[in-house]
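Me: I would like to go through some labels for this structure and hear the reasoning behind each. Please keep the replies short.

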Amino acid sequence: MYNTILVPVDGSAPSESALDQAIELAATLGSTIHVVYVVDERVLHATQLDAGGLVRAYEQEGEKIVSEAAESVARADVDVVTAVEHGSPHRAILRYADEHDVGLIVMGTHGRRGLERYLIGSVTERVLRMTDVPILTIRGEDEPFEDE
């Protein structure tokens, strides 16, 4: 059913929770997990700094995060593929899902509401709105749920 499960990671508690859930699901279903980190180049261009050095630093951070995630997946005896992508996070995730025929996307969410969600935006929400691929969202444990 879900032969390929995509888990975008950023090193946050919500993405770690999503990875844990994806590992359990993949172990049960015999799925392969694709762990992806996205270097958000929009933010880098907005800073007007030495983009080359900054991009490489973000790539190294991404490589570290996906490597640690891959170790967790491998400990569960689940097949894993890793990637560090570039671009707008939601677009890079959507592109990756399309290119790799992903059957399920598992993403963490910070549980933001109201103005904070509007101002900060939500990569998970954008992916949810723009894909036909089923998505399992996992609310992170690092932030309590806030009533509106």
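Me: Why is aspartate 101 called exposed?

Reply: This is a predicted model, and the values are computed from it. Aspartate 101 has 67% relative accessibility. Exposed means over 50%. Therefore aspartate 101 counts as exposed.

Me: Where does aspartate 101 lie, and what is its phi?

Reply: Aspartate 101 lies in the loop between helix H4 (89-99) and strand E4 (104-109). Its phi is near 50°. That is a positive value in a residue other than glycine.

Me: Which loop holds aspartate 77, and how do you know whether aspartate 77 is buried or exposed?

Reply: Aspartate 77 sits in the loop between H3 and strand E3 (80-86). Its relative accessible area is 72%. The cut-off for exposed is over 50%, so aspartate 77 is exposed. Aspartate 77 also has a positive phi, about 60°, although it is not a glycine.

Me: Why is leucine 54 called partly exposed?

Reply: Leucine 54 has a relative accessible area of 25%. Buried means under 20%, and exposed means over 50%. The value falls in between, so leucine 54 is partly exposed. Leucine 54 belongs to helix H3. Its C-alpha atom is separated by 9.6 Å from that of glutamate 41, and the two residues are 13 apart along the chain.

Me: What makes glutamate 71 partly exposed?

Reply: Glutamate 71 is another residue of helix H3. Its relative accessibility is 45%. Partly exposed lies between the limits of 20% and 50%, so glutamate 71 gets that label.

Me: Which residues join Glu71 in the patch of negative charge?

Reply: Asp10, Glu16, Asp20, Glu24, Glu61 and Glu68 gather with Glu71 on the surface. Helix H1 (13-29) and helix H3 (51-75) are the elements that give two or more residues to this negative patch. Patch residues need over 30% relative accessible area. Glu71 has 45%, so it meets that requirement.

Me: How many helices and strands does the protein chain have, and in what order do the elements run?

Reply: The protein chain has six helices and five strands. From the N terminus, the order is β-α-β-α-α-β-α-β-α-α-β.

Me: What share of the residues is buried, and what share of the contacts joins residues 24 or more positions apart?

Reply: Of the 148 residues in the protein chain, 43% are buried. Among contacts with a separation of 6 or more, 76% come from residues 24 or more positions apart. The protein chain exposes about 8,500 Å², and carbon and sulfur atoms supply 46% of that area.

Definitions and conventions
Residues are numbered from 1 along each chain as its sequence is written. This is a predicted model: local features need pLDDT of at least 70, side-chain atom pairs count only at pLDDT 80 or more; totals for chains, interfaces and linings use all residues. Side-chain values use heavy atoms; hydrogens and water are left out. Patches are made of residues with over 30% relative accessible area and no salt bridge: like charges are joined within 9 Å, nonpolar side chains (Val, Leu, Ile, Met, Phe, Trp, Tyr) within 5 Å. Accessible areas come from the Shrake-Rupley method with a 1.4 Å probe; for residues, only the protein chains shown count as cover. A salt bridge is a side-chain nitrogen of Lys or Arg within 4 Å of a carboxyl oxygen of Asp or Glu. Lys and Arg count as positive and Asp and Glu as negative; His and the chain ends are not counted. The place of a charge is taken as NZ of Lys, CZ of Arg, CG of Asp or CD of Glu. Helices (H or I, at least four residues) and strands (E, at least two) are DSSP runs, numbered from the N terminus. Buried means under 20% relative accessible area, exposed over 50%, partly exposed in between (1.4 Å probe, protein chains only). Contact means heavy atoms within 4.5 Å.
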